[in-house]
Amino acid sequence: MSKEAHPYAVLRGHQGDVQALTFDHSETHLISGDAHGEVRIWDLEDLRPRSIRRLHPASAGIIHLKLWRTSIHDTSSADNKSNKYTMTNKKCSVLVTQGRDGTIHMWELDDQLRIVEERPPVRSFIRDAFSFCRFSLLAASRDLDTNATASAASASAAAAAAALHTPEAFAEAVLAVDVTRNNQRDAEMKEESSVESLAGVLQNAITGIHTCSSSSFSSMSSSEQEQNSREPYKEAALIAIPSYSEKVVEVCCAACCAPLAMFLQKENGTAALPEHDRWGMCMATRLFIGPKEVNNDVLLAVGYESGYVVLWSVTAAVQANAVAAAEVGVSLSSYSPPKPLAYAKLHTEPIMALDIDSNGYSGVSGSAEDALIAFSINYTSADATTTAITITPTATINLKKQGVGDVALRPDGKIIASAGWDGKIRVYKKSSGKALAVFKYHSASASAVVFSPRKFLIASGARDGTVALWDIYSTHNK
């Protein structure tokens with residue numbers, strides 16, 4: 001950029017390290033979580049916190065959070081005389097928070113997007129395993145997350161936005177780089193899905209492997225059954241979480257909390273990887289819908305302590321009845337893990353963050369070393385029924401300082417943002433690795449970075465307790 005970039009707003013108030021950020025689907029609010037377990041919901045109009053509450057103990061803090069817009073069966077209109085309920089569907093916003101202690105809570109917010117004081121979580125995943133591996137949420141509603149809005153953002157949402165609020169205008173006018181339009185793949189995907197929306201693809205992919213029922217609670221511990229005994233949410237959703245072991249990732253239904261599958265290595269001759277390869281601890285997860293080459297199966301990418309990125313099929317694992325091994329109390333030594341679809345060693349240091357584009361064809365990872373790795377996911381038909389998958393590095397993005405706290409792909413998949421241990425937010429072109437901008441504000445290590453789903457604002461959080469908002473179109477400076 002021709003001039004030094006400054007945040008258009010700085011949000012202060014956290015007393016601990018800001019470690020997690022997420023925008024709401026309408027981009028009117030930003031939610032932040034810190035190392036002391038406090039969550040703040042910020043109104044982006046007046047830049048003040050609308051709600052403040054400690055949701056995890058200070059000993060656990062909050063390492064990740066996401067907002068999920070779904071619906072529930074509303075039984076509030078009960079007839080006291082007949083004790084009969086009128087069942088209606090009620091939209092609700094659910095905040096998912098994660099602590100370092102292996103506990104993940106789900107909190108229902110009120111109609112004003114506020115955390116209700118003293119209201120307990122409506123769902124909990126209790127794993128009692130200390131971990132820095134962040135969960136990943138894959139949900140069917142279009143307005144839940146960048147997962148669901150990414151493909152739509154460059155179509156209907158971008159067309160309705162102002163002239164500057166398009167990916168091309170951002171890259172050409174603000175960052176002065178030449179971005180060629182690549183609509184062929186998008187057109188092919190739209191043709192394949194016909195009139196089916198992205199939300200429909202997600203819904204079909206998830207409900208194709210799991211349907212919520214009362215029996216979903218039978219595989220939970222007694223404490224989890226008590227916590228999660230309410231009606232399942234209506235919209236389909238999956239969540240990938242660190243499990244009871246630091247080397248295991250578990251996939252559960254977010255709507256009813258039923259465990260579905262585990263993904264792990266074994267310490268014997270039946271290891272999922274060759275004997276000489278060991279992954280170490282799970283460090284990052286990303287659920288996504290695979291492309292048409294794999295029939296839109298649900299896939300899971302995991303980054304490990306060893307620097308490996310490993311790709312699994314959640315659909316295949318669940319269909320193989322992997323839920324039996326996900327039940328509480330089942331010994332991992334007796335479990336035969338599903339085999340990975342692909343794996344590649346991308347880093348020499350532990351992977352700290354990972355993101356996959358919404359089409360499932362590429363991704364980016366960051367580690368404790370001084371480089372980001374952009375990579376492609378290649379799907380090749382081996383025969384009529386088999387697709388060979390490989391992970392191939394496409395660009396090594398050298399950083400001036402070691403350590404990446406977080407990475408994020410812009411919803412259209414073309415731009416990378418990274419949060420550095422040196423406190424700087426760096427922006428790159430994914431296809432070439434070309435540096436586009438460096439945002440300087442934080443006085444301590446940056447640990448969170450996120451794009452808003454439509455306007456492509458960037459929010460960053462750091463250990464100095466601040467949240468910085470960056471308008472990459474510079475509209476706030478005009």
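This report describes confidence, strand pairing, aromatic pairs and selected residues in a predicted model.

**Confidence**

Averaged over the chain, the pLDDT of this predicted model is 79, and 72% of the residues reach a score of at least 70. Residues 142-196 fall below 50 in pLDDT, and this stretch has 98 contacts in the model beyond near neighbours in sequence. Residues 325-329 also stay under 50, with 13 contacts beyond four places in sequence. Where pLDDT is low, the predicted coordinates should not be read in detail.

**The sheet S18-S19-S20-S21**

An open sheet is built from four strands in the order S18-S19-S20-S21, and their pairing is antiparallel. The edges are held by strand S18 (351-356) and S21; each has a single partner strand, so one side of each lacks a neighbour in the sheet. On average, neighbouring strands of this sheet are turned by 25° against each other, direction ignored.

Within this sheet, strand S19 (residues 362-367) and S20 run antiparallel and are joined by five bridges. S19 and S20 make a hairpin, with three residues between them. Two pairings illustrate the register: valine 364 has alanine 374 in S20 as its bridge partner, and glycine 366 stands opposite leucine 372 in S20.

On the other pairing of S20, eleven bridges connect this strand to strand S21 (residues 387-398), again in the antiparallel sense. Here alanine 371 faces asparagine 398 in S21. Strand S20 (residues 371-381) is mostly covered, since eight of its eleven residues are buried.

**Aromatic pairs**

A pair of aromatic rings is described by the distance of the centres and the angle of the planes. The count for this model comes to eight aromatic pairs. In one of them, the ring centres of phenylalanine 130 and phenylalanine 132 lie 5.3 Å apart with the planes at 85°; the pair is therefore edge-to-face. Phenylalanine 130 is exposed, because its relative accessible area of 53% is over 50%. Phenylalanine 132 is likewise exposed, at 52%.

The rings of phenylalanine 439 and tryptophan 470 have centres 4.6 Å apart and planes at 10°, so this pair is stacked. Phenylalanine 439 belongs to strand S25 (residues 435-440) and tryptophan 470 to strand S28 (residues 467-470), so the pair ties together parts that are 31 residues apart in sequence. Both phenylalanine 439 and tryptophan 470 are buried. In addition, Phe263, Trp279, Tyr304 and Trp312 form one aromatic cluster.

**Selected residues**

The table gives the relative accessibility of three residues discussed below.

| Residue | Location | Relative accessibility | Class |
|---|---|---|---|
| Arginine 134 | loop between S9 and S10 | 17% | buried |
| Serine 245 | loop between S11 and S12 | 23% | partly exposed |
| Arginine 426 | strand S24 | 7% | buried |

Arginine 134 occupies the loop between strand S9 (123-126) and strand S10 (136-139). Arginine 134 counts as buried because its relative accessibility of 17% is under 20%. A polar atom of the arginine 134 side chain lies 3.5 Å from the backbone oxygen of isoleucine 63. Beyond its neighbours within four places in sequence, arginine 134 is in contact with Gln19, Ile63, His64, Gln98, Met283, Thr285, Ala353, Gly405, Asp406 and Ser447.

Arginine 426 is found in strand S24 (residues 424-429). With a relative accessible area of 7%, this arginine is buried. Its side chain makes a polar contact with the side chain of aspartate 422, at 2.7 Å. Neighbours within four places in sequence aside, the contacts of arginine 426 are Leu399, Lys400, Lys401, Ile416, Ala417, Ser418, Ala437 and Val438.

Serine 245 sits in the loop between strand S11 (237-242) and strand S12 (249-253). Because the relative accessibility of serine 245 is 23%, this residue counts as partly exposed. From C-alpha to C-alpha, serine 245 and aspartate 128 are 9.2 Å apart in space, although 117 residues separate them in sequence.

Methods:
Residues are numbered from 1 along each chain as its sequence is written. This is a predicted model: local features need pLDDT of at least 70, side-chain atom pairs count only at pLDDT 80 or more; totals for chains, interfaces and linings use all residues. Side-chain values use heavy atoms; hydrogens and water are left out. Buried means under 20% relative accessible area, exposed over 50%, partly exposed in between (1.4 Å probe, protein chains only). A polar contact is a pair of N or O atoms within 3.5 Å; within protein, one must be able to donate a hydrogen and the other to accept it, and residues adjacent in sequence count only if both atoms are side-chain atoms. Contact means heavy atoms within 4.5 Å. pLDDT is the predictor's confidence in each residue, from 0 to 100. Rings of Phe, Tyr and Trp (its six-membered ring) pair if their centres lie within 6.5 Å; planes under 30 degrees apart count as stacked, over 60 as edge-to-face and the rest as tilted. Two strands pair if DSSP finds at least two bridges between them. Axes are lines fitted to C-alpha atoms, for helices over the stretch in contact, and angles run from 0 to 180 degrees between N-to-C directions.
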